[in-house]
Amino acid sequence: MAFRAFYALPAENFATSTGQHTNAVHGFVSMLLTMIRQQKPTHVAVAFDLDTPTFRSLEYTEYKGGRNKTPEEFYGQIDLIQEVMKAMNIPAITLESFEADDILATLATKGEEAGFDVLVVSGDRDAFQLITEKTLVLYPKKGISDIPPMDAAAVEAKYFVPPERYSDLAALVGETADNLPGVPGVGPKTAAKWLNLYGDLAGVLENIDAIKGKVGDSLREHVDNVTRNRRLNQLKHDLELPVTLEEMELQAPNREEIENLFDALEFNTLRKRLFDLFAAQEEEVAPEVAAFTRVVTDNAEALRGFMESGQGAAIALQPAVVDSEAVGLALYRGSEAAWLDLAELDEETQSVLAQFLADEQAPKIFHDAKAAMHLLIERGFTVAGIKDDTLISAYLIQPDRRSHDLVDVVQYHLKYAVPVHQAKKGELDLGLTSDLAEPTLAQAQAIHDLSAYLATKLVEKHADELAATMELPLIPVLFEMERAGVAVDVDRLHELRAHFTTQVDQATNAAFAAIGHEVNLSSPKQLQVVLFEELDLPRTKKIKTGFTTDAESLQDLLVKTGHPFLVALMAYRDAIKLRQTVDGLLKATHSDGRIHTTYAQTVAATGRLSSLNPNLQNIPVRSEEGRRIRDVFMVGEGYETLLTVDYSQIEMRIMAHLSEDEGLIEAYQNGEDLHRYVGSRVFNVAPEEVTSEMRSKVKAMSYGLAYGLSSFGLSKQLKIGVDEARKLMKDYFDRFGAVRTYLRSVVDQARKDGYTETIFGRRRYLPELNSSDRRLRDIAERAALNAPIQGSAADLVKVAMLKIAEGLEAGEYKSRMLLQVHDELILEIAAGELDAVQELVTREMGQAADLLVPLDVQPGIGRTWHEAAH
DNA sequence: GCAAACTCGTT
DNA sequence: GACGTACGAGTTTGCC
């Protein structure tokens, strides 16, 4: 691992002021911290090779021969790593005449015997022989985060033999890195074929004469290689180690030693990461979980009994997931729990479970029900009767938190650490005590307990009604939208990709020609050198790393200097952004020819949905070129057309409603062109005398107000003086005074209450309104201004979606909602249903709330999203 | 190799 | 000295 770190990080970038290279140390410690954070081990040890002879090199002098000499810069870094381990109170183990992997093998065996789950991290494939039900191997390819631990199934998938045969396979194939030649002409495929035919290596050698062909001859000729390889690649499991398992228990680091050591190594960001990690760990409290009875529900009768004995009490459910697939399901109902192996259900049990899951009257509690629905439907189960979702509850209680992972939520509210399971794919016998069942059952129990605890919290925060009438009912609606996905024209996507690539290339060439050399146009850092040093253009706004090269500043520079490089650079930025968008869409297109986004219901603090994997809420629309991407979203087979319906000026209307400003309300009630109307009042001219320049000024101001725009911001946006902007705002507020009163009162009220509230009662808590830090307070004030407006709009759209879903179901329409883009809904319309569905959608959107101003909705029809725009 | 910074698309 | 909300995603760079 240290060696990998050494080559991953450029040595020349990592040296102390005294010249000591630290890249391997930095990389190793960085990886170790990541691993501790992700895997949360209770015990940790690190094994090192020595550079003295081992029993392998004594038996076979060429062992690991032919390797390049260790680079100069690596020397000494191993000692430094060992010093860091000492300061972290992590044993660093070496053993004369043995290799690190033998130490790991011994530790794995000892750990298993002591009842531990073991995770071996090694860059040596020989470690695969250690894999068992209790031991997994992390074999880093690129990085150590984001790679699943190798289990038996993963080894089989890759090498076609189980882990206990891996060493046999390696002996036949050979290992270049260790200078262990195998049988020429034999690769993993052939080796695996033989091993599976004859059981193991001994079997292959017994039947050596039966193997035909050139490879058979080759094997017979090199059989000595094979037996030697097998002897050498066998790891030792029974070494006398200088460290006990107890001594491996992960402890807090020795702060003083770390400080001194990291001072010397000049590690500053790592120091923070290390202390942050252990600070977080110290907070964790031991679980205080009530005991419950486990019920094995491996047959229909047992499952039915479990269901019935609960007498209709809500059941918490938690799927166990391996490789994005539900392999097990834990059910918990207070003092009693059940565990189901979803892969092994007999027909009758499957049917009992299916009936329960689909029963609207059987109340269920999930943490992230929508995700569970996707997992379960792949197993043939539909889910109804979602009584509670602790993910939603946690979000409504603290909408500003970014993540509401079960682990975090339980830790925060119930003050205990819920166990997390290691995914183990090959483990098909999922008994009640399996590594998967225990933690999943504990999670289900935690969800059950959370649900009860958060229910009172919801009431305290006045979010119970919102949960019951809006967020929970929305779950199945969003689920259906995600499941449906939207059809895309893949050929068109490829054409667009080629088109934008041409533009990227042209812009790149033009940019290089303009400055006479190449540069990475995607690197702000390099662009700064070109713009502000080579070309010596006027400096732009300061940012942390120098001067910004953002689009707005580039445009300013272009106006000031007219330099052709700027033109090319801006064209490059536009084109590469569009190509990235297209690439993302291509990557996200499923085999059904559709893109299935995921709506995050618990991310945006204002109550909006967000869209991810891919984000379909930021598909370009403003530029002509970008809009072409909207043409690839098309009506799917079996449907007639797309229908888009969006609210016009929803946030302005909500501001009119909330402020009760008579002028604004009158304008909307009379159906006037709002910006023209406002313009005529602000500039004191007749409506027909409002010029387009006046109109765009008040339009920018109107929208900006809902975001907490300052006169400075307005002046910048409109490219007018601050004085003029200030006057514009004054004139605006003179005419629409209630708006100013409202905006002020929102912030004042929020400062008193600690939260803002939408029309539908959605709260956002903003404690920083009373911060002594001016910057934080300003940010909180703008959030307080915006949250009721953006949030009410989000609520309104959600209400409309619920009504539309209801209406579609009641009318037994085949048409369906596909997408939501904050104030716009996109539906796929089945043949003959257009008129009725359009009427339904526009009606429900129009009457989603009873405001002081009318809600205006605009429908559009077309074969593609672009065509359906109006 | 990981995490932060920058940039930019939408509403 | 900063100055418009709410997001997601891709690329580059700093780390020492």
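**Exercise 1. Find where lysine 719 sits, then classify its exposure and backbone.**

Step 1. Lysine 719 sits in the loop that links helix 30 (711-718) to helix 31 (722-735). Helices are DSSP runs of H or I with at least four residues, strands are E runs of at least two, and both are numbered from the N terminus.

Step 2. The model is predicted: local features need pLDDT of at least 70, side-chain atom pairs count only at pLDDT 80 or more, and totals for chains, interfaces and linings use all residues. Residues are numbered from 1 along each chain as its sequence is written, chains are lettered from A and ligands numbered from 1 in the order in which they are written, and side-chain values use heavy atoms, with hydrogens and water left out.

Step 3. Lysine 719 has 61% relative accessibility, so it counts as exposed. The classes are buried (under 20% relative accessible area), exposed (over 50%) and partly exposed (in between), with a 1.4 Å probe and protein chains only.

Step 4. Check phi. Lysine 719 is not a glycine, yet its phi is positive, about 55°.

**Exercise 2. Do the same for histidine 822.**

Step 1. Locate the residue. Histidine 822 lies in the loop between strand 23 (816-820) and strand 24 (824-829).

Step 2. Classify it. Histidine 822 counts as partly exposed because its relative accessibility is 21%.

Step 3. Read the backbone. Histidine 822 has a positive phi of about 65°, although it is not a glycine.

**Exercise 3. Describe the peptide bond from asparagine 613 to proline 614.**

Step 1. This bond is cis, with omega near -5°.

Step 2. Place it. Proline 614 is in the loop between strand 18 (610-612) and helix 25 (624-627).

**Exercise 4. Which residues gather with Glu480 in a patch of negative charge?**

Step 1. The patch on the surface holds Glu480, Glu806, Glu809 and Glu812. Patch residues have over 30% relative accessible area and no salt bridge, and like charges are joined within 9 Å. A salt bridge is a side-chain nitrogen of Lys or Arg within 4 Å of a carboxyl oxygen of Asp or Glu.

Step 2. Zoom in on one member. Glutamate 480 belongs to helix 20 (residues 464-484). Its relative accessibility is 49%, so glutamate 480 counts as partly exposed.

**Exercise 5. Summarise chain A as a whole.**

Step 1. Chain A has 35 helices and 25 strands.

Step 2. The C-alpha trace of chain A spans about 100 × 75 × 60 Å along its principal axes.

Step 3. Of the 870 residues of chain A, 51% count as buried.

Technical notes
Patches are made of residues with over 30% relative accessible area and no salt bridge: like charges are joined within 9 Å, nonpolar side chains (Val, Leu, Ile, Met, Phe, Trp, Tyr) within 5 Å. Accessible areas come from the Shrake-Rupley method with a 1.4 Å probe; for residues, only the protein chains shown count as cover. Lys and Arg count as positive and Asp and Glu as negative; His and the chain ends are not counted. The place of a charge is taken as NZ of Lys, CZ of Arg, CG of Asp or CD of Glu.
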